[in-house]
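Work through the exercises below with the sequence and coordinates open. Each task is followed by a solution in steps.

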Amino acid sequence: MAEPQMTEFQRSVQLWSVLAYAAKMQQVLSYETLAKLTGMAPIGQARPLGNIWFYCKQNDLPSLTSIVVNQRTGNPPDDIGGEDLSTTQRRVFIFDWLSHHIPSVQDFENARIKEEAKAQKAAG
């Protein structure tokens, strides 16, 4: 019998905790390291990380996903709001993530829905 799979929103909750701890430790993580820590293949990280990025953007939080980088380039995949990468990462490192509540599955789902509706409205 196959094991139940986590949804992308459950994965976002899982990744949030890993990233919040990494930020507290001022640690940048590669997709490969994140895969080793979570068991989630790098290819499967895009949507869960996107949900975190949407949540941070919509709640005026530093871009927590900016500390996840491509091992070869050292760059994150997301738009970091016009700031340079080192400034964005410093903002992430000094924010008190452990005092901020852990977003729920519903929080991440709502962030995705809101962002997709915004994109659809802009497209036409």
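At 11% relative accessibility, E115 counts as buried, and this value, like the others here, comes from a predicted model. The exercises start from this residue.

**Exercise 1. Find the salt-bridge partner of E115 and state which parts of the chain the pair links.**

Step 1. The side chain of E115 meets that of K57 in a salt bridge, with 2.7 Å from N to O.
Step 2. E115 belongs to helix α5 (residues 105-123) and K57 to helix α3, and the two are 58 residues apart, so the pair links distant parts of the chain.
Step 3. Burial differs across the pair: E115 has 11% relative accessibility and is buried because the limit is under 20%, whereas K57, with a relative accessible area of 38%, is partly exposed.

**Exercise 2. Trace the network of salt bridges that contains R47.**

Step 1. The count for the structure is 5 salt bridges.
Step 2. One of them joins R47 to E8, whose closest N and O atoms are 2.9 Å apart. R47 is in helix α3 and E8 in helix α1, 39 residues apart, and the pair links distant parts of the chain.
Step 3. Both of these residues are partly exposed: R47 has a relative accessible area of 38%, and E8 has 22%.
Step 4. R112 forms a salt bridge with E116, and here the closest N and O atoms are 3.7 Å apart. Because R112 and E116 are 4 residues apart in helix α5, about one helical turn separates them.
Step 5. R112 counts as buried at 10% relative accessibility, while E116 is partly exposed with a relative accessible area of 39%.
Step 6. The network of salt bridges links E8, R47, R112 and E116.

**Exercise 3. Classify the packing of α1 against α3 and list the residues that make the contact.**

Step 1. The axes of α1 and α3 are 8 Å apart, and the packing angle is about 70°.
Step 2. Angles of 65 to 115 degrees count as roughly perpendicular, so α1 and α3 are roughly perpendicular to each other.
Step 3. From α1 the contact takes E8, F9, R11, S12, L15, W16 and L19, and from α3 it takes R47, P48, L49, N51, I52, Y55 and C56.
Step 4. Sorted by class, the contact of α1 with α3 has 9 nonpolar, 2 polar and 3 charged residues.
Step 5. S12 serves as a single-residue check. S12 sits in helix α1 (residues 8-24) and is buried, at 0% relative accessibility. Leaving out residues up to four places away in sequence, S12 touches P48, N51, I52 and F108.

**Exercise 4. Determine the ring geometry of W16 and Y55, then name the aromatic cluster they belong to.**

Step 1. A search of the whole structure gives 6 aromatic pairs.
Step 2. For W16 and Y55, the ring centres are 5.6 Å apart and the planes are at 90°, so the pair is edge-to-face.
Step 3. W16 is in helix α1 and Y55 in helix α3 (residues 46-58), so the pair ties together parts that are 39 residues apart in sequence.
Step 4. Both residues are buried: the relative accessible area is 1% for W16 and 5% for Y55.
Step 5. The cluster consists of W16, Y55, F95, W97 and F108.

**Exercise 5. Is F108 buried or exposed, and which residues does F108 touch?**

Step 1. F108 lies in helix α5 and is buried, with a relative accessible area of 0%.
Step 2. Not counting residues up to four places away in sequence, F108 touches F9, S12, V13, W16, N51, I52, Y55 and P103.
Step 3. F108 and G50 are 58 residues apart along the chain, and 9.4 Å separates their C-alpha atoms.
Step 4. N110 is also found in helix α5, but N110 counts as partly exposed, at 39% relative accessibility. From C-alpha to C-alpha, N110 and Y55 are 8.5 Å apart in space, with their positions 55 residues apart in sequence.

Note on methods:
Residues are numbered from 1 along each chain as its sequence is written. This is a predicted model: local features need pLDDT of at least 70, side-chain atom pairs count only at pLDDT 80 or more; totals for chains, interfaces and linings use all residues. Side-chain values use heavy atoms; hydrogens and water are left out. Buried means under 20% relative accessible area, exposed over 50%, partly exposed in between (1.4 Å probe, protein chains only). Contact means heavy atoms within 4.5 Å. Rings of Phe, Tyr and Trp (its six-membered ring) pair if their centres lie within 6.5 Å; planes under 30 degrees apart count as stacked, over 60 as edge-to-face and the rest as tilted. A salt bridge is a side-chain nitrogen of Lys or Arg within 4 Å of a carboxyl oxygen of Asp or Glu. Axes are lines fitted to C-alpha atoms, for helices over the stretch in contact, and angles run from 0 to 180 degrees between N-to-C directions. Angles under 35 degrees count as roughly parallel, over 145 as roughly antiparallel, 65 to 115 as roughly perpendicular and the rest as oblique. Ala, Val, Leu, Ile, Met, Phe, Trp, Tyr, Cys and Pro count as nonpolar, Asp, Glu, Lys and Arg as charged, and the others, Gly among them, as polar.
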